[in-house]
Amino acid sequence: MAWTTPEYSRRDVDRAGRALAIRDYSRVDRERALLVLNNWRASHAFPLNTFQNGLRRRAAGIYEHALVSQRLKRTPSVLSKLNRFHSMKLSQMQDIGGCRAVVRNRRELLRIENAYLSSSIRHELIRRRDYIDVPKGDGYRCLHLMYKYVSDRSTEYNGLLIEIQLRTQLQHAWATAVETADILNRTNIKSGQGPKKWRRFFAVISSVFAEIEGTPHVRYTPRHSKRLRSRARSLAKELRVFERLTSLAQALEVMTEPRHSSNDYYLLILNTQTFELQGFGYSASEQADMNAHYIEAERDSAPEEDIVVVATRTVKDLKRAYPNYFLDATRFIDRASRALYG
C-alpha cells in the first residue's frame with residue numbers, strides 16, 4: 001500500500017500551525033495551511049501502524065484479550081490544542097498519532113510498560129507521563145509513553161512523534177464516559193471546560209475508582225472514603241448522571257456502511273444533535289481512499305458533526321475501544337453504580 005510521506009519542511013508545518021491557531025489568514029492561506037496540516041497528520045499513519053503492531057504484540061503476551069486501538073488526532077482537536085497552548089509548535093505536537101492498550105489492572109499495565117523499557121527498539125523514548133500516580137486535576141488517569149520514530153529503512157518518517165497510552169479497564173470506562181457526557185452536554189470537559197458540577201463529579205468518581213485500584217486520589221477530592229462516596233452520590237443524583245447517560249445510549253440511531261466483512265480502519269461520523277452515526281470500513285490496502293474520505297468529510301462537516309478515523313480489527317473491538325462514539329457508557333455506569341450503591 002502507498003503510505004503518505006511528509007511533503008513539507010518542519011518550518012512550513014509550524015507556519016501552518018501558527019496561521020490556523022491565530023486565524024489570521026485569507027481563504028487561500030487557510031486552504032494551504034490545511035493542506036500542510038492534512039499531509040503532516042497523514043504522514044504519521046506509517047509510524048503509528050508500526051507502533052500499534054508492536055503494542056498489540058506486547059499486550060497480547062500479557063493479556064490475550066487486551067484491547068488495542070490507534071487513531072490520528074482530528075483536525076478540530078489539533079486546532080483546539082494549538083489555541084490552548086500558544087507556544088506549541090505543530091511539528092512538536094506529541095499526540096497527532098496515538099495508540100492505546102486497555103488491560104484489566106495496573107499490574108498488567110506496568111508489565112507492558114516494562115516490556116517497552118527493557119526492549120531493544122531503536123525508537124527513542126522522549127517522555128513518560130504517569131497520570132495514575134499523579135492524576136490530572138480533572139480525574140484523568142493513564143500512563144503515557146512518547147516516542148520519536150527512528151528507522152534505517154523508512155528514514156522519511158524519522159523524528160515523527162507517536163504517543164502510547166496504557167489504561168486499565170476502569171480508567172478507560174471513566175475516560176469514555178467523560179467524552180460521552182461532552183456529547184450529551186455539548187461541552188468539552190476533557191479540555192477543562194463545561195459545567196462546574198459535571199467536572200467535579202468526574203473528578204470525584206475518578207478518586208472512587210482510584211481507591212478501588214489502590215492508587216492516589218485526584219487532588220482536592222475528599223480523602224475519607226465515606227465522604228468521597230457521599231459526595232459522588234450527591235452529584236450523581238443532582239445531575240441525573242446515570243439516567244442521562246443511559247437514555248442517550250438508547251436514543252442513538254446507528255447507521256453503518258461496512259465495505260468488507262473485515263476491516264483495518266473505520267471512519268466514524270457522529271451527529272451530536274440527531275445522534276446518528278455513520279461508519280465506513282476500509283482495509284489496509286485502501287488507506288489512500290480512507291484518507292481522502294477523511295479529508296473530504298472534515299472539510300464538508302457541519303459544526304455538530306464529530307469525525308474520527310480509528311484502527312481496530314472488528315466492529316466489536318471498535319465499540320469496545322470507542323464506546324463514546326456509540327454513546328455507550330454502560331461499563332462506566334455499572335462500575336460507578338456498584339462502587340457507590342453496592
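**Charged side chains: paired and unpaired**

Arg-128 has a relative accessibility of 40% and therefore counts as partly exposed. The model is predicted, and the salt bridge computed for Arg-128 in this model is with Glu-113, the closest N and O atoms lying 2.3 Å apart. Arg-128 belongs to strand E3 and Glu-113 to helix H5, so the pair ties together parts that are 15 residues apart in sequence. In total, the structure holds 12 salt bridges, whereas the buried residue Glu-163 has none.

**Salt bridges involving helix H5**

- Glu-113, the partner of Arg-128, has a relative accessibility of 6% and counts as buried, whereas Arg-128 itself counts as partly exposed.
- Arg-106 forms a salt bridge with Asp-133, and the closest N and O atoms of this pair are 2.7 Å apart.
- Because Arg-106 lies in helix H5 (residues 106-117) while Asp-133 lies in the loop between strand E3 (124-130) and strand E4 (143-148), the pair ties together parts that are 27 residues apart in sequence.
- Both partners count as partly exposed, with a relative accessibility of 23% for Arg-106 and 35% for Asp-133.
- Glu-108 forms a salt bridge with Arg-104, in which the closest N and O atoms are 2.4 Å apart.
- Glu-108 is buried, with a relative accessible area of 1%, whereas Arg-104, at 44% relative accessibility, counts as partly exposed.

**A network of salt bridges**

- Lys-73, Lys-81 and Asp-95 are linked to one another in a network of salt bridges.
- Asp-95, a member of that network, is also one of the residues in contact with Glu-163 when neighbours within four places in sequence are left aside.

**Glu-163, buried without a salt bridge**

- Side chains of opposite charge can pair when their charged atoms come close.
- For Glu-163, which lies in strand E5 (residues 161-168), the nearest side chain of opposite charge is that of Arg-71, at 5.0 Å.
- A salt bridge requires a nitrogen-to-oxygen separation within 4 Å, and Glu-163 is buried yet has no salt bridge.
- The side chain of Glu-163 does, however, make a polar contact with the side chain of His-144, at 3.2 Å.
- Leaving aside neighbours within four places in sequence, the residues in contact with Glu-163 are Gln-94, Asp-95, Gly-97, Gly-98, Cys-99, His-144, Leu-145 and Met-146.

Methods: Residues are numbered from 1 along each chain as its sequence is written. This is a predicted model: local features need pLDDT of at least 70, side-chain atom pairs count only at pLDDT 80 or more; totals for chains, interfaces and linings use all residues. Side-chain values use heavy atoms; hydrogens and water are left out. Helices (H or I, at least four residues) and strands (E, at least two) are DSSP runs, numbered from the N terminus. Buried means under 20% relative accessible area, exposed over 50%, partly exposed in between (1.4 Å probe, protein chains only). Lys and Arg count as positive and Asp and Glu as negative; His and the chain ends are not counted. A polar contact is a pair of N or O atoms within 3.5 Å; within protein, one must be able to donate a hydrogen and the other to accept it, and residues adjacent in sequence count only if both atoms are side-chain atoms. Contact means heavy atoms within 4.5 Å.
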